[in-house]
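Open the model in your viewer and keep the selection box handy. We'll go stop by stop, with something to pick at each one.

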Amino acid sequence: MLLTFIVSMALLPSNGATPPAESATVAVSADVPASRYKPSPKYDKGAEDELLGLTNRERTQAGTAPLRMDPGLTEAARAHALAMAQRRQLSHQLRGEPVLLQRVAASTSQHLDTAGENVALDVDVYRAHEGLMHSPHHRENLLRADYNIVGFGVARAGDQIYVVEDFGHSLPTVSAGQAEDAVAGAIARERGRHSGLRRLQLQSLRSAACGMANKDQINPKAVSSLGPMRYVLTYTNMKPEALPSDAERALADRNLRSFAVGSCYAHTPTYPNGAYFVAVAFY
């Protein structure tokens with residue numbers, strides 16, 4: 001009887017300037033040398049649809065909201081399933097292949113703050129699913145409450161199927177004005193309702209934020225050069241309203257009278273799944 005081989009991965013992007021390190025991968029060697037095995041993989045959309053149904057049934061029974069199939073994640077999952085089938089290898093990152101977050105970012109425009117992956121090798125989609133559900137780490141990915149989108153890839157190679165399940169938590173993408181309002185609201189909450197801090201509308205702050213996004217680099221000098229100000233705050237985050245700890249000093253200064261916010265959303269090499277670049281000037 002053929003045993004199911006499965007590998008799991010979960011990634012949690014940080015809010016800082018450094019992306020997370022890739023989780024360790026596990027490769028399972030085939031019993032037939034890759035040089036002698038020349039599969040002709042093809043995708044099994046029916047099996048992919050069955051996996052979605054099986055997964056959402058498990059999530060419903062566990063009291064978790066169902067996942068929505070995302071075309072971009074499906075594209076990424078299929079490409080990885082095909083690569084594994086062609087090489088007869090089970091791994092999250094094959095030699096010469098990008099890491100999970102980069103693979104996903106290349107396929108979808110979704111704004112993801114969390115991504116994870118299960119991979120499996122079996123002869124039947126039901127057996128593969130059962131094997132994943134009986135493994136704690138893979139079950140956690142399948143039932144994880146904060147995941148809301150998924151992509152399944154099933155590549156057939158002879159009698160075997162290579163299964164890839166790419167999960168993600170997609171955040172809504174808001175306009176620059178909405179992001180700036182969210183930051184201003186967070187500042188008001190931190191300062192307190194009686195702070196008397198007045199908000200200024202300065203287009204130059206948004207331009208400075210977009211300049212940082214274009215260069216994929218946080219640069220306080222790009223803001224301070226705009227004119228005299230008491231404090232400058234620059235940061236990136238998946239959620240613009242999540243103020244960094246660096247904001248505490250400025251927010252505690254009761255001599256402040258006004259502030260302005262600029263924001264720019266971008267997909268960059270450092271943040272392939274998208275991030276908000278934020279610039280705040282305190283006066």
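Here is a tour that starts with the whole chain and then moves to single pairs and residues.

**Before you click**

This is a predicted model, so local features need pLDDT of at least 70 and side-chain atom pairs count only at pLDDT 80 or more, while totals for chains, interfaces and linings use all residues. Residues are numbered from 1 along each chain as its sequence is written, and side-chain values use heavy atoms, with hydrogens and water left out.

**Stop 1: the whole chain**

Show the cartoon. The chain has 9 helices and 10 strands; these are DSSP runs numbered from the N terminus, helices being H or I with at least four residues and strands E with at least two. Of the 283 residues, 47% are buried (buried is under 20% relative accessible area, exposed over 50%, partly exposed in between, with a 1.4 Å probe and protein chains only).

Now switch on the surface. About 13,700 Å² is exposed, and carbon and sulfur atoms supply 51% of that (areas come from the Shrake-Rupley method with a 1.4 Å probe; for residues, only the protein chains shown count as cover). Among contacts with a separation of 6 or more, 73% are between residues 24 or more positions apart (a contact means heavy atoms within 4.5 Å).

**Stop 2: the disulfide**

Select cysteine 210 and cysteine 264. They form a disulfide, with the sulfur atoms 2.3 Å apart (the cut-off is a pair of cysteine sulfur atoms within 2.5 Å). The pair links distant parts of the chain: cysteine 210 is in helix α7 (residues 203-215) and cysteine 264 in strand β9 (residues 258-266), 54 residues apart. A search of the whole structure finds 1 disulfide. Which hand does the disulfide of cysteine 210 and cysteine 264 have? The torsion about the S-S bond is about 95°, so the disulfide is right-handed. Cysteine 210 is partly exposed at 24% relative accessible area, whereas cysteine 264 is buried at 13%.

**Stop 3: salt bridges**

Next, colour by charge. The structure holds 10 salt bridges (a side-chain nitrogen of Lys or Arg within 4 Å of a carboxyl oxygen of Asp or Glu).

Pick arginine 156 and aspartate 44: their closest N and O atoms are 2.8 Å apart in a salt bridge. Arginine 156 is in strand β5 (residues 149-157) and aspartate 44 in the loop between β2 (42-43) and α1 (45-61), so this pair ties together parts 112 residues apart in sequence. Arginine 156 counts as partly exposed, at 25% relative accessibility.

Go on to arginine 103 and glutamate 97, which meet in a salt bridge at 4.0 Å, N to O. Buried or exposed, where does arginine 103 fall? Arginine 103 is buried at 8% relative accessibility, and glutamate 97 is buried too, with a relative accessible area of 13%.

Then select aspartate 181 and arginine 199, a salt bridge at 2.8 Å, N to O. This one links helix α6 (residues 176-191), home of aspartate 181, to strand β7 (residues 198-200), home of arginine 199, and the two residues are 18 residues apart. Both partners are partly exposed, with aspartate 181 at 45% and arginine 199 at 27%. Finally, add Glu117 to the selection: salt bridges that share partners join Glu97, Arg103 and Glu117 into one network.

**Stop 4: rings**

Show the aromatic side chains. A search of the whole structure finds 4 aromatic pairs (Phe, Tyr and Trp rings, the six-membered one for Trp, with centres within 6.5 Å; planes under 30 degrees apart are stacked, over 60 edge-to-face and the rest tilted). Tyrosine 271 and phenylalanine 277 have ring centres 6.0 Å apart and planes at 90°, so they are edge-to-face. Tyrosine 271 and phenylalanine 277 are both buried.

Two arginines also sit over rings, so to speak. The charged end of arginine 78 is over the ring of tyrosine 43, 5.5 Å from its centre, and arginine 144 lies over the face of tyrosine 147, at 4.8 Å from the ring centre (NZ of Lys or CZ of Arg within 6 Å of the ring centre and within 35 degrees of the ring normal).

**Stop 5: backbone oddities**

Most residues other than glycine have a negative phi. Select arginine 88, whose phi is positive, near 60°. Arginine 88 is in the loop between α2 (71-87) and α3 (100-107) and counts as buried at 8% relative accessibility. Last, pick aspartate 216, with a positive phi of about 55°, in the loop between α7 and α8 (221-224).
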